[in-house]
Amino acid sequence: MTRTLRRTRGVRLALTGALLAGLTLLTTAGPALADDPSASASPGGDEAGPTEAGTTFRTATALKQGRSGTAQASAGDYLYWVFPADAGQRPTVEATVKLPESAARRGTSTWQVDVYDGLRRRQACMYGHQTRKAAADAATVELSCVLRPVRSWSEPWANDPLAGSYYVRLTVVDLPAADLGLPVDVEVRTSIKELGGGHDGGGALAEPLVPGVSVASAGESGGRASDAPRTVATGEPEDGWASGWWTDRWLWTVGGGVLAALAAVFGYSLTRGRGRPAHVPPGV
């Protein structure tokens, strides 16, 4: 009788420990994936970024993920850059405008940074300083825009950010007419934070929203390969676009199944009782 009780207590303790370990693993796996600095898509190295900006969507200067670009322009110009963002990522755009000497300016100015997706739909910022006013004696003005997490799939009527190209447009929206054309120095920086499968939408795009990708795919799907290589303005992330089927939700699914099995065994051990009492004959 004593041995049976000890054995039952040992099984209960083992199952309880396994359950606690599994819960700890699942509750810490998500934040670890999201907050791990090594998971960020900001590549290292000293490669210099571009030193010019485009003036339209078609001529936007390509930026790599996590890199910065500079440009010398005139107040009143529309400046464009473009960078790739994949599903499960949250892009951040930062811009710094170095203004002319205060003696050359006539008053305050208001600057704004906008971000558009591959369909040229303006994307709202979760937070940041998208529009800022610079005083007449200010030396610089800093802008920022943190986008919503990029999704792998969305309804056609929705305005959700999807995997593909993202255009950055920087311009001044209000300044004295006498200050138009004054020289300014601009720096734009992009950064990516990996969020994991917690923001997956349960589907995948046929192609990322990148200009020219559908034309290239149509040429490759014909009877012969296209004569022109498949090149697009923005390229793609260094590790390629997401395949659409793998996500860390698989880890949560497997972990949930293991915990469910352990919970079933533990529940059975609690409800089955202690067996036949020692004083009861086997035939009763």
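**Surroundings of Asp-185 and the disulfide link**

When neighbours within four places in sequence are left aside, Asp-185 is in contact with Ala-71, Gln-72, Thr-96, Val-97 and Lys-98 in this predicted model. Asp-185 itself is placed in strand E11, which spans residues 183–194. Among the contacting residues, Ala-71 stands 114 residues away from Asp-185 along the chain, yet the C-alpha atoms of Asp-185 and Ala-71 are separated by 6.0 Å. With respect to solvent, the relative accessible area of Asp-185 is 33%, and because buried residues are those under 20% and exposed residues those over 50%, Asp-185 is classed as partly exposed.

The cysteines were examined in turn. The count of disulfides comes to one, and this disulfide joins Cys-125 to Cys-145 with an S to S distance of 1.9 Å. A disulfide is a covalent bond between the sulfur atoms of two cysteines. The link of Cys-125 and Cys-145 is left-handed, with a value of -100 degrees about the S-S bond. Cys-125 lies in strand E7 (residues 125–127), whereas Cys-145 lies in strand E9 (residues 140–147), so the pair ties together parts that are 20 residues apart in sequence.

The two ends of the disulfide were also assessed for accessibility. Cys-125 has a relative accessible area of 21% and is therefore partly exposed, given that the cut-off for a buried residue is under 20%. Cys-145, by contrast, has a relative accessible area of 0% and is buried.

How values were computed
Residues are numbered from 1 along each chain as its sequence is written. This is a predicted model: local features need pLDDT of at least 70, side-chain atom pairs count only at pLDDT 80 or more; totals for chains, interfaces and linings use all residues. Side-chain values use heavy atoms; hydrogens and water are left out. Helices (H or I, at least four residues) and strands (E, at least two) are DSSP runs, numbered from the N terminus. Buried means under 20% relative accessible area, exposed over 50%, partly exposed in between (1.4 Å probe, protein chains only). Contact means heavy atoms within 4.5 Å. A disulfide is a pair of cysteine sulfur atoms within 2.5 Å.
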